[in-house]
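Please consider the structure shown below together with its sequence. The paragraphs that follow lead through its strands, its helices and a few individual residues.

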Amino acid sequence: MKLLDAIKISATNSTPYISADPQTRQIVIKGRSLPTNVVTFYQPIIDWIKMYGTTDNEDLNVKIQLSFLNSSSHKRLLDIFEGVESLQEKGCKAEIEWFYKEGDEDIYAAGTEFLSILKCPLKLVKE
């Protein structure tokens, strides 16, 4: 079976840092998310999740630590989370941790909205 390569995308003023590592079985998305072309920006991580499901990996932890996200990013994150749900349906133990800072009502509200939509475990974590 093909080994999956790690992904690292550096943060900018409008895009988050992204790391996907099959050895640690972890995805991290951290920073501000308002890319000019959200579809293109998030496609590598969506493709990585699809490929992750074809490997022998048994679990996956997804950590989301955003300080801002626009509505287009919100939709792409939902696509990512649906990919994680698909992994779970194939027997992968998957968990999403949604981090928010005390007083950041927008990020907290986005996390609670995802929590109400998703079937896979999503944990709200106050930083």
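What follows is a guided reading of this structure, beginning with strand pairing and ending with single positions. The model is a predicted one.

A convenient place to begin is the pairing of strands β3 and β4. Strand β3 covers residues 26-33, and β4 covers residues 59-69. The two run parallel and are joined by eight bridges. One point of register is given by R32, whose bridge partner in β4 is F68.

Strand β4 also pairs with β5, again in the parallel sense, over six bridges. Two positions fix how these strands lie against each other: N61 has E95 as its bridge partner in β5, and I64 stands opposite W98 of β5. The connection between the two strands involves a helix, since β4, α2 and β5 make a right-handed β-α-β unit.

The next pairing is that of β5 with β6. Strand β5 (residues 93-100) and strand β6 (residues 122-126) run parallel, and five bridges join them. Within this pairing, I96 has L122 as its bridge partner in β6, while W98 is partnered by L124 of β6. W98 thus appears in both pairings of β5, being opposite I64 and also bridged to L124. Here too a helix takes part: β5, helix α3 (residues 105-117) and β6 make a right-handed β-α-β unit. Strand β5 itself is mostly covered, with six of its eight residues buried.

The helices of these two units may now be taken in turn. Helix α2 spans residues 71-89. Its length can be tested against its residue count: at 1.5 Å a residue, 19 residues should span 27 Å, and the end C-alpha atoms of α2 are 27 Å apart, so expectation and model agree. Buried residues of α2 include L77, L78, I80, F81, V84 and L87, and among them are also the polar or charged positions S73, H74, R76, D79 and E85. The buried residues of α2 pack against β3, α1 (38-52), β4, β5 and α3. After the helix comes G91, which has a positive phi, near 105°.

Helix α3 passes the corresponding test of length. Its 13 residues should span 18 Å at 1.5 Å a residue, and its end C-alpha atoms are 18 Å apart, which agrees. The buried residues of α3 are I107, A110, G111 and F114. Seen down the helix axis, these buried residues fall within an arc of 100°, so they line one face of α3. The spacing follows a general rule: an α-helix has 3.6 residues a turn, so residues three or four places apart point the same way. The buried residues of α3 pack against β4, α2, β5 and β6. On the face turned away from this buried side, α3 carries the exposed residues E105 and S116. E113 also lies in helix α3, and at 37% relative accessibility E113 counts as partly exposed. The C-alpha atoms of E113 and L66 are separated by 15 Å, although the two residues are 47 places apart along the chain.

Cysteines deserve a separate remark. A disulfide is a covalent bond between the sulfur atoms of two cysteines. A search of the whole structure finds zero disulfides. The reason in the case of C92 is distance: the closest cysteine sulfur, in C120, is 9.9 Å from that of C92, too far for a bond. C120 is likewise in no disulfide, its nearest cysteine sulfur being that of C92. Both cysteines are nevertheless buried, C92 with a relative accessible area of 8% and C120 with one of 4%.

Two positions earlier in the chain complete the account. S19 lies in strand β2 (residues 17-21). S19 counts as buried because its relative accessible area is 10%, below the 20% limit. Leaving aside residues up to four places away in sequence, S19 touches I7, K8, Q26, I27 and V28. R25, in turn, is found in the loop between β2 and β3. Most residues other than glycine have a negative phi. R25 departs from this, with a positive phi near 55°. At 30% relative accessibility, R25 counts as partly exposed.

Key
Residues numbered from 1 in each chain as written. Predicted model: local features only at pLDDT ≥ 70, side-chain atom pairs only at ≥ 80, totals over all residues. Heavy atoms only, no water. Helix = DSSP H or I, 4+ residues; strand = E, 2+ residues; numbered from the N terminus. Buried < 20%, exposed > 50% of the residue type's maximum accessible area, 1.4 Å probe, protein only. Contact = heavy atoms within 4.5 Å. Pairing = 2+ DSSP bridges. Right-handed = clockwise from strand over helix to strand, strands pointing away. Disulfide = S-S within 2.5 Å. Expected span 1.5 Å × (residues − 1). Arc of directions from axis to C-beta.
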